[in-house]
Each structure stands twice: as C-alpha cells, then as structure tokens.
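Please open the model in a viewer and keep the selection panel at hand. The tour moves from the whole chain to single residues.

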Amino acid sequence: MVNTVRIRENGPLAVHAEIVLGGETFFRATLCRCGASENKPFCDGSHAKAGFTATGEPPLKDTPALEARNGPLTVTPTTNGPLKLEGNVEIVTGTGHTVDRTQRAFLCRCGHSANKPFCDGSHKRVGFVG
C-alpha cells in the first residue's frame, strides 16, 4: 500500500493510508480543505454550498522517491490551523500526478491559502476556527 493524499478539484483531500487521527486508526478519510465543514477535520460536503474553488492540479515538485511508501500516517488538526501530516506520504493530483513525496506536510484546511493544498499561514489572517 502507498500512503496517498489525493487533491480533489474544488473539494476535499482523500487520504488512503494507515491514518492515525484523534487516537483512532482509519484506512480512508475524506478531509475538509474548504474550512466550512461542520464536522472538521472531516468533509461533510459543505464545499459545494460554500462555492469553494481550488485546483486539483497544483504545480508539481521534483522530489525524490521515499525509502518507504507506507506505514502509519499521523494526521493532526492543529488548533485553528492546518492539518499536520507525519509519516510517509505522497500528495497527488486528481489525475494521479505526484505533487510531493514527503514525511511531513502542513496542508491548508481554512480554504484561503494561496499555495493550496499547502498552508501559507492564511488561517491567521482570516481568523479560522477549527
């Protein structure tokens, strides 16, 4: 199994991994990146009503392959900030192109980052509560 975060066009982040979140383990999760979900950090479909727009095809990074592509992926929704991912993960576009391969990432969940899917600190400017 390869740990992946798929970026859905105008929608959430689809995570496939051994996800450790809030003391529970999941193998699939759909996480909010628009900031409007009433069930944060999970998506509840609010992005459609909120008119959230964000590409599912952000610029690709030239990153080397990870030594391991699986294992536990810890997802921590930071207080009023981004999703912190720790563990082997490949972030991929909706069409399957690899955006990044990393062992640590901070992904936007307020919906305002100019560098989606990555956090750029916009949550502080907009007063995101999550």
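Begin with the charged side chains of this predicted model. Select the 15 positive and 12 negative charges of the protein: their mean positions are 4 Å apart.

**The whole chain**

Now show the cartoon for the full protein, which contains two helices and six strands. Followed from the N terminus, the elements run β-β-β-α-β-β-β-α. The radius of gyration is 13 Å, close to the 14 Å that the globule rule gives for 130 residues, so the protein is as compact as a globular protein of that length. Aligned along the principal axes, the C-alpha atoms fill a box of roughly 40 × 35 × 25 Å.

Switch to a surface representation. The accessible surface comes to about 6600 Å², and carbon and sulfur atoms account for 48% of it. Of the 130 residues, 43% are buried. If contacts are drawn between residues at least 6 apart in sequence, 47% of them join residues at least 24 apart.

**The hairpin of β2 and β3**

Select residues 13-21, which form strand β2, together with residues 24-31, which form strand β3. The two strands pair in the antiparallel sense, over seven bridges. For one of the residue pairs, centre on Val20, whose bridge partner in β3 is Thr25. Between the strands of this hairpin stand two residues. Select Gly22 in the turn, where phi is positive, at about 60 degrees.

**Two asparagines in loops**

The next stops concern backbone geometry. Most residues other than glycine have a negative phi, and most peptide bonds are trans.

Go to Asn10, in the loop between β1 (residues 4-7) and β2. Although Asn10 is not a glycine, its phi is positive, at about 55 degrees. Is Asn10 buried or exposed? With 31% relative accessibility, Asn10 counts as partly exposed, because that class covers values between 20% and 50%.

Then select Asn80, in the loop between β4 (residues 72-77) and β5. Asn80 is not a glycine either, and it has a positive phi of about 55 degrees. Its relative accessible area is 31%, and Asn80 is partly exposed.

**Two cis peptide bonds**

Which peptide bond leading into Pro41 deserves display? It is the bond from Lys40 to Pro41, which is cis, with omega near 10 degrees. Pro41 itself lies in the loop between β3 and α1, the helix of residues 46-50.

Move along the chain to Lys116 and Pro117. The peptide bond from Lys116 to Pro117 is cis, and its omega is near 10 degrees. Pro117 belongs to the loop between β6 (residues 98-107) and α2 (residues 122-126).

**A buried glutamate in β5**

For the last stop, select Glu90 in strand β5, which spans residues 83-92. Why does Glu90 count as buried? Its relative accessibility is 5%, and buried means under 20%, so Glu90 falls in that class.

Display the contacts of Glu90, leaving out residues up to four places away in sequence. Among the residues that Glu90 touches are Val2, Asn3, Thr4 and Val5. Leu66 and Arg69 also touch Glu90. The list of contacts further includes Thr98, Asp100 and Arg101.

Technical notes: Residues are numbered from 1 along each chain as its sequence is written. This is a predicted model: local features need pLDDT of at least 70, side-chain atom pairs count only at pLDDT 80 or more; totals for chains, interfaces and linings use all residues. Side-chain values use heavy atoms; hydrogens and water are left out. Two strands pair if DSSP finds at least two bridges between them. Helices (H or I, at least four residues) and strands (E, at least two) are DSSP runs, numbered from the N terminus. The radius of gyration is taken over C-alpha atoms; the globule rule is 2.2 Å times the number of residues to the power 0.38. Buried means under 20% relative accessible area, exposed over 50%, partly exposed in between (1.4 Å probe, protein chains only). Contact means heavy atoms within 4.5 Å. Accessible areas come from the Shrake-Rupley method with a 1.4 Å probe; for residues, only the protein chains shown count as cover. Lys and Arg count as positive and Asp and Glu as negative; His and the chain ends are not counted. The place of a charge is taken as NZ of Lys, CZ of Arg, CG of Asp or CD of Glu.
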